[in-house]
Amino acid sequence: MARTPGKADSIISLKVTLRGIRPPIWRRLLMPGKMTLEDLHLAIQAAMGWYGEHLHLFDIDGRQYGDRHMVDDVADQERLTLNALVKSGATRFSYIYDFGDNWEHSVVIERSLPTEDGRAYPACVAGKRNCPPEDCGGPWGYQHMLAVLADPAHPDHDEQSEWVDENFDPEDFSVIGANAGVAARFRLP
């Protein structure tokens with residue numbers, strides 16, 4: 001699946017920010033330019049700590065890309081590479097995950113970089129804050145969940161506490177953990 005790129009391969013730096021959440025939740029990914037939007041979907045899922053169990057799509061200049069076996073009326077995400085996207089002049093696009101919760105991400109193409117000897121790609125190299133748990137109701141539901149968890153007197157506190165992992169900390173983020181998730185998803189060393 002993934003590999004350590006050769007010297008001629010370009011590496012694309014992308015910043016992925018979850019919209020509708022303050023303070024922001026974001027990840028910086030380094031992706032080989034030859035990888036596709038499908039690969040980017042897998043890298044975002046791994047870096048965020050989600051499981052990829054819901055539908056998704058990319059919206060690039062009004063054209064939608066996704067898994068054509070799962071989503072109607074989308075272009076094939078397996079056919080568009082990141083190099084082709086950069087060549088088209090696109091600098092920003094959206095990634096939407098879970099059509100029910102509607103997690104919308106802003107993806108910014110920051111720059112092309114040379115490969116680093118000994119680094120496996122794709123990689124998560126930076127980020128802030130823990131990703132919301134799956135199925136918590138989108139940005140509004142997540143903010144509500146945090147408010148309930150912060151208030152032991154809230155009538156839903158016990159129910160929410162049982163539903164979410166007891167170790168969940170919205171401020172917690174480990175680039176080592178996020179990158180390990182990406183490496184595992186792509187079977188990297």
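## Exercises on a surface patch, a pocket and a buried strand residue

In this predicted model, Leu55, Met70 and Phe99 make a nonpolar surface patch of about 270 Å².

**Exercise 1.** State where Leu55 is found and classify Leu55 as buried, partly exposed or exposed.

*Solution.*
- Step 1: Leu55 sits in the loop between α1 (37-48) and β3 (56-60).
- Step 2: The relative accessibility of Leu55 is 32%.
- Step 3: Buried means under 20% and exposed means over 50%, with partly exposed in between.
- Step 4: Leu55 therefore counts as partly exposed.

**Exercise 2.** Describe the largest pocket by its space, its lining residues, the elements that contribute to the lining and the division of the lining into residue classes.

*Solution.*
- Step 1: The space in the largest pocket is about 450 Å³.
- Step 2: The lining consists of 20 residues. Nearest the centre of the pocket lie Met48, Gly49, Trp50, Asn130 and Cys131.
- Step 3: Two or more lining residues come from each of the elements α1 and α5 (175-185).
- Step 4: By class, the lining residues of the largest pocket are eleven nonpolar, five charged and four polar.

**Exercise 3.** Locate Leu30 in the secondary structure, decide whether Leu30 is buried or exposed, and give the C-alpha separation of Leu30 and Leu113.

*Solution.*
- Step 1: Leu30 belongs to strand β2 (residues 25-32).
- Step 2: Its relative accessibility is 7%, and the cut-off for buried is under 20%. Leu30 therefore counts as buried.
- Step 3: Leu30 and Leu113 are 83 residues apart along the chain, and 8.7 Å separates their C-alpha atoms.

Technical notes:
Residues are numbered from 1 along each chain as its sequence is written. This is a predicted model: local features need pLDDT of at least 70, side-chain atom pairs count only at pLDDT 80 or more; totals for chains, interfaces and linings use all residues. Side-chain values use heavy atoms; hydrogens and water are left out. Patches are made of residues with over 30% relative accessible area and no salt bridge: like charges are joined within 9 Å, nonpolar side chains (Val, Leu, Ile, Met, Phe, Trp, Tyr) within 5 Å. Accessible areas come from the Shrake-Rupley method with a 1.4 Å probe; for residues, only the protein chains shown count as cover. A salt bridge is a side-chain nitrogen of Lys or Arg within 4 Å of a carboxyl oxygen of Asp or Glu. Helices (H or I, at least four residues) and strands (E, at least two) are DSSP runs, numbered from the N terminus. Buried means under 20% relative accessible area, exposed over 50%, partly exposed in between (1.4 Å probe, protein chains only). On a 1 Å grid over the protein atoms alone, a cavity is a set of points where a 1.4 Å probe fits but cannot get out, and a pocket is an open set with protein on both sides within 12 Å along at least five of seven lines; lining residues have an atom within 4 Å of a point. Grid points are joined across faces, edges and corners, and a volume is the space filled by probe spheres set on the points. Ala, Val, Leu, Ile, Met, Phe, Trp, Tyr, Cys and Pro count as nonpolar, Asp, Glu, Lys and Arg as charged, and the others, Gly among them, as polar.
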